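Colleague: I am new to this structure and would be grateful for a close look at a single part, the surroundings of the ligand. Please set that part in the context of the chain.

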Amino acid sequence: MTETPPEALRAALEAGTVPPEDGALFWAAEAVLNLYLPKPGRIGVAVSGGSDSMATLALLSQLHAVAAVTVDHGLRPEAAAEAAFVARFCADRGIPFTKLSWDGSRAEGNLMDAARRARLRLIGAWARGRGIRVVALGHTADDQAETFLMRLAREAGLEGLSGMREAFVEEEVLWLRPFLGQSRADLRGYLGRQGIGWVEDPSNQNPQFERVRARQALAMLAPLGLSADKITAVVGHLAMAEQAVSLSLQRLAAAHVREDAGDVLIEAQAFRNIFDPETARRLINAALGWVSGAEYPPRAAKVLDFLTHWRTRRDSTLHGCRLIVGDEAIRITREAGAVTGLRVPSGQVWDRWILSGPEAPGLEIAALGEAGLKQAQTWRAAGLPRPSALASPGVWRGETLVAAPLAGLENGWKARIVRGSFANALIRR
Ligand SMILES: Nc1ncnc2c1ncn2[C@@H]1O[C@H](COP(=O)(O)OP(=O)(O)OP(=O)(O)O)[C@@H](O)[C@H]1O
């Protein structure tokens, strides 16, 4: 089966001549690829060298042109050998392979989480640079069940308990999890039948990690008849309920919320009319997340405080944002104090913006949007010169752009938000 061309494999699947254990896996992959692939192009596969991602690579490479990528997080001495293992597998099969590196030594907070975010960022940039629009991950039903148990322990609500998605967009890449409905044992069975090995990450046995403890806890639930498959089925039910709530929020936003130069404007009357606190909470959370660009959600207690008192508070700060309540609208803008002092050359990401223009070389940005406007007024009052490339009231200090209202950009200048539109941010990942 290893060398079967995709057309012959598809024909064999249609004819039912593929062994049923393999067929179930191929059909799962086909269903996901058919549903989400925008165009034929090559797809990326993120491979750690572990069983799940090796099986994902091996199975997808039978159905589609793929390119593999491994991130060496520089956290374990074995990582280089693991990447070399994936490289050899790819070389044997003529699969293009790239190793990317991350320096985790300066990461703060939860190391696993920082590594995961760095991985998405690095692989996202790798894919964009090659015109790859879709990258597959090797998550399985076991990962889904473990995640569920971990979130249960954190008293998660519907959003958290509805689990990982089969598809999500981040870093301008569509990420797919084609085997989210399949068990790890099934993927390992496939590898065994094909004689394909994998690397065992020793940290997968280390109970210091929450995920490892979740795996152990899951095994102990067997006497209750509670398996990864059953939890995955429950997650599926919750995901449907979550989708219903999420859709109603998207409809509300489409009618009553708009973007304004990187700020979010919510019609005050429509916000007043929202009768359920959950919808109001989600809308504010999403707006704060989008405007701040923060990796983490806002503190629940602070959001609740805003929701309780917003009618009487004209101006609040929360999660690196300002919430300005006007008669017509609530404006959620970046808080100047949360971003000042940052200086990044043109073309690179600043806060959540990339600003580029014809006179870009040497440009530095210090503040943009509503936050920038506030600064600009101060600087203008101080008699600083106006920029040539920007409409009033953008302000330059020598070669440095110190403030620019994004709506006022002209003469070929462009500012874009790295994470896409607010409407997109309402779609849960
Ligand atoms: N170092 C890495 N380089 C590239 N992709 C990775 C890396 N680590 C994880 N991934 C991707 O993220 C998915 C989930 O990661 P997770 O940490 O749960 O997996 P793992 O235990 O390292 O390995 P596997 O899922 O392959 O058994 C992997 O299946 C793989 O697609």
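Modeller: The account below goes from the whole chain to the ligand shell, and then to one loop elsewhere.

This is a predicted model, in which local features need pLDDT of at least 70 and side-chain atom pairs count only at pLDDT 80 or more, while totals for chains, interfaces and linings use all residues. Residues are numbered from 1 along each chain as its sequence is written.

The chain has 429 residues, and 34% of them count as buried. A residue is buried if 20 or more other C-beta atoms lie within 10 Å of its own, exposed if 12 or fewer, and partly exposed in between, with C-beta atoms placed from the backbone. The chain holds 16 helices and 18 strands; these are DSSP runs numbered from the N terminus, helices being H or I of at least four residues and strands E of at least two. Two residues are in contact if their C-beta atoms, placed from the backbone, lie within 7 Å. Of the contacts between residues at least 6 apart in sequence, 64% join residues at least 24 apart.

Three domains divide the chain: domain 1 (6–220), domain 2 (257–334) and domain 3 (338–421). Their bounds come from an automatic or database domain assignment. Between the C-alpha centres of domain 1 and domain 2 the distance is 36 Å. An unreviewed UniProt entry annotates residues 43–216 as "domain: tRNA(Ile)-lysidine/2-thiocytidine synthase N-terminal". UniProt positions are given in the numbering used here, feature names are shortened, and annotations may be inferred rather than shown by experiment. Over residues 43–216 the chain is 47% helix and 16% strand, with 34 Å between the end C-alpha atoms.

Turning to the ligand, 16 residues surround it, and the closest are A46, G50, D52, S53 and G138. The elements giving two or more residues to this shell are α3 (51–63) and β2 (66–72). The most comes from α3, with three residues. A residue counts as near the ligand if its C-beta atom, placed from the backbone, lies within 6 Å of it. By class, the shell has four nonpolar, eight polar and four charged residues. Here Ala, Val, Leu, Ile, Met, Phe, Trp, Tyr, Cys and Pro count as nonpolar, Asp, Glu, Lys and Arg as charged, and the others, Gly among them, as polar.

The unreviewed UniProt entry also places a "binding site" at S48, G49, G50, S51, D52 and S53. S48 sits in the loop between β1 (43–46) and α3, and it counts as buried because it has 21 C-beta neighbours inside 10 Å. Apart from neighbours within four places in sequence, S48 is in contact with S53 and T70. G50 lies in the loop between β1 and α3, but G50 is partly exposed, because 19 other C-beta atoms lie within 10 Å. With neighbours within four places in sequence again left aside, the contacts of G50 are W198, V199 and D201.

One further loop deserves attention for its backbone. Most residues other than glycine have a negative phi. E171, however, has a positive phi near 55°, and the phi of E172 is positive as well, near 60°. E171 is found in the loop between β5 (167–170) and β6 (173–176), and E172 is found in the loop between β5 and β6. E171 is partly exposed, with 19 other C-beta atoms within 10 Å, and E172 is partly exposed with 13.
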